[in-house]
Every structure is written in C-alpha cells, then in structure tokens.
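Dear colleague,

Please find below the structure for your review. My findings follow directly after it.

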Amino acid sequence: MSQGVLILSGYNIRAVVAFCRWATARGVPFHLVARDESDPIFLTDYAAQVLLTRASPQLALAHLVHWSALLRAQHGYERVLLLPSTEFLNRFMLAHREELKQAGCVVPLVGQALYCRLSDKYSFGRLCSEAGIAVPVEYDSLPERFPFVAKPRSYAGIGTRQLKPHLVYGPVERDRFLLSEDRGDFYYQQYVDGRSLYLLAYVPINGQPVLFSQENLVQQPEGGSVILARADDFHVHADALPYLALLARVRFHGLIMIEVRRAADGTCYMIEANPRLWGPMQLVVDHQTGIFDAFLADYGFGTAAPAAAEVSAGAGPRPCYYWSGGLRAGPPSYHHFSAAALAAQQAAIAPDDIFHRHDSMPLYRHEQAQP
C-alpha cells in the first residue's frame, strides 16, 4: 500500500526534527506543513519536505482533509498517516476521527476515552493508584506546606487555553498561581524530590512493547522541557513492570512516555503520562531503540535498515541528549545534577546538542544568537 506521513510542524520542533532524521535514514516518505514563515523547520534541511505553509495557526478539519488530499493527488498515496506530535493535535484528531478516516487519513491513537484517561493527569493518577502504583500524596485543599505541585485535572480542551502544572515553592509562587488560575481547575500534590526518569515505549497493537528509558538531569523552569538527559536502564528493572501491566490491562497501544520520580528511599512515584511524541525523542533515535520502527510497522510502513544518511546526519549512539537552546528560558531545574556539573561537562556534551548537526546548523546558530 502506498502511503506517507504528514507532520504538522512549528510545535514540539525537537521531536519533529528527530522523526525527520529517523524517517530520512529509513526511507519513510514524510511531508511537513509549516506553522508559518518563521517555523524553525525552515532552518533545517527538512524545509525541502514542506508541502505548504499555513495561512493561520487555527486548525480546522477542512485543513487536514485538504492537505491529505493534496498529498494523495501528488504522490498517489492511498492513505496518509498523521503524526501524533502534540497534545492539541491528538485531541483534535480524536474528535474528528471518523471524518479523517473517510478522507483517507490514519489517526494512530487509541480511542478517545482511553487516550484522555491516560493523558489527563488526575484520571491517570487514579488509575495508577488503583493498580497499586505509588503516586504523590494528594491534598484535599490548597496546601499551607511548601513545596507542592498544582496540577490541572484535565486538558482544557480544543479551542481553549491548555492548562499546565505549577510548581509552588513558597508564598510568592502560590500567590502568582492564585492570580493566574481558577483553583477549581486544579488539584494539589506533594512535590517529590528524587531522580527524574522517563519510561519510554511503543506498545504495538499485537506483540511485545519496545522499551527504553532516560534519566533527566536538567530541565527548563516550572517543569518545562528537558534540556539534558542520558540513557537509563529503568525499563529493564522490576519497577517498570507495574506500568507495563497497567497498559496491557487497559489495552493501550501506541507511543507513550511515563514520567517517574525515584525518591531517596527507592519508591518510584508516577508523575504523569504523555501518549504522544515527547520532546527529547532524539535520544531514542540515536540509540536505535526500534520505537519508531515498531510504530510505523503497526500501520503498514516498511522501514529499511539505518542508511548512511543517518550517520552523516550526526546520529548514532550518542551518550546523552542535550538542547542548549532550552537554557534561554531562565534558570533551569536540576535533578541529581547541578549548575557546576553542567558547566564542567559543557565541552563534553556540547557536540551532542540536538541541533548542532549538519542538517540543522542554521537552527542551532539561530538559537545561540537569541538573548
């Protein structure tokens, strides 16, 4: 069956570039729709794969149908797979799944109810608790003790502002939270200090999951994007088994990242889950984990062995994931790491910068030039 992948660019750009690198090396046909003229994808070699540039950031069903029709007409595709790159896009696709299917689009996600049950922080926490998986202590009301985390009960929904967690270290952050948010939209949990781990997986429709894991060392402020991470072996330890059993029990399939905190006493606490592409996907690509291979195989794509292009693109078993551009968001958070360690290791990790590669050097230079 002739088919290609359609990617909406401009958001989650690090994951998008990682997928483009992987797909290029394996001969998987893909096409991009740029967010606007300032989309960072134009500062990469993958600008050549841009089908068109959007006239507006607003997304309508007619847009996806039209873009798919263009690809099918130009390339003779029978189907177009929509890459599940962002939370907004995924929920939009799920809300219009049947119409997209009729238009020849493939939505590679579980049903809407199960997707939301895992993606919404409150419902997934309840699901984990019922399965005997440790979750942070929950407070009945706004806590007087610090620090704590205010988490949105659910995604705000299509067409409205996406709510994000707030890390509340003291009265200043608490007052800022109360001024900016409706407290009824949030619930409150104890802040868990410890090692920050991601359990990463593709769970196929049939068969065994393809697994990987990473330890996050440096992160943008307020629980933002990961800046520095390294491969870990959490996925082969017994602590990962309850999560895999839970996913099997609810019959989940697809891409998923589960964030875990391992406290000083060894207890692993579930923080959240994201059943979509995650920002630091370059690490799973560099380590040739097979996660993307399994994902595309589920939908009838054949993938060749890694091509020479992958080596020339700067991939391979790099020791860490690093995004220097993320440091410009402000003073970062450190997990079992420090500012001194980051400075001391800068020369060693700088070559691993996600955009410091031949296919994205203009983007790397652009980020370095930002104040």
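In this predicted model, strand β10 (residues 195–203) is mostly covered, with eight of its nine residues buried. Strand β10 has two pairing partners to report. With strand β13 (residues 254–262), β10 forms an antiparallel pair over nine bridges; within β13, Glu259 stands opposite Tyr198. With strand β11 (residues 210–219), β10 is joined by seven bridges, and these two strands also run antiparallel. Here Tyr202 has Val210 of β11 as its bridge partner. Six residues lie between the strands in the hairpin of β10 and β11, where Gly207 takes a positive phi near 115°.

A further sheet deserves your attention. This open sheet consists of four strands in the order β6-β9-β7-β8, with antiparallel pairing. Its edge strands, β6 (138–139) and β8 (166–168), each pair on one side only. For β6, the pairing is with strand β9 (residues 186–190), in the antiparallel sense and over two bridges. Tyr139 is found opposite Tyr188 in β9.

Two helices should be considered together with these strands. Helix α6 (residues 121–130) packs on the sheet and touches β6, β7 (148–152) and β9; the direction of α6 makes about 110° with that of β7. Helix α7 (residues 171–180) lies across β7, β8 and β9, and runs at about 145° to β8.

When you inspect the model, I would suggest beginning with β10 and its pairing to β13 and to β11, then turning to the four-stranded open sheet.

Yours sincerely

How values were computed: Residues numbered from 1 in each chain as written. Predicted model: local features only at pLDDT ≥ 70, side-chain atom pairs only at ≥ 80, totals over all residues. Heavy atoms only, no water. Pairing = 2+ DSSP bridges. Contact = heavy atoms within 4.5 Å. Axes fitted to C-alpha atoms, helices over the stretch in contact; angles between N-to-C directions. Buried < 20%, exposed > 50% of the residue type's maximum accessible area, 1.4 Å probe, protein only.
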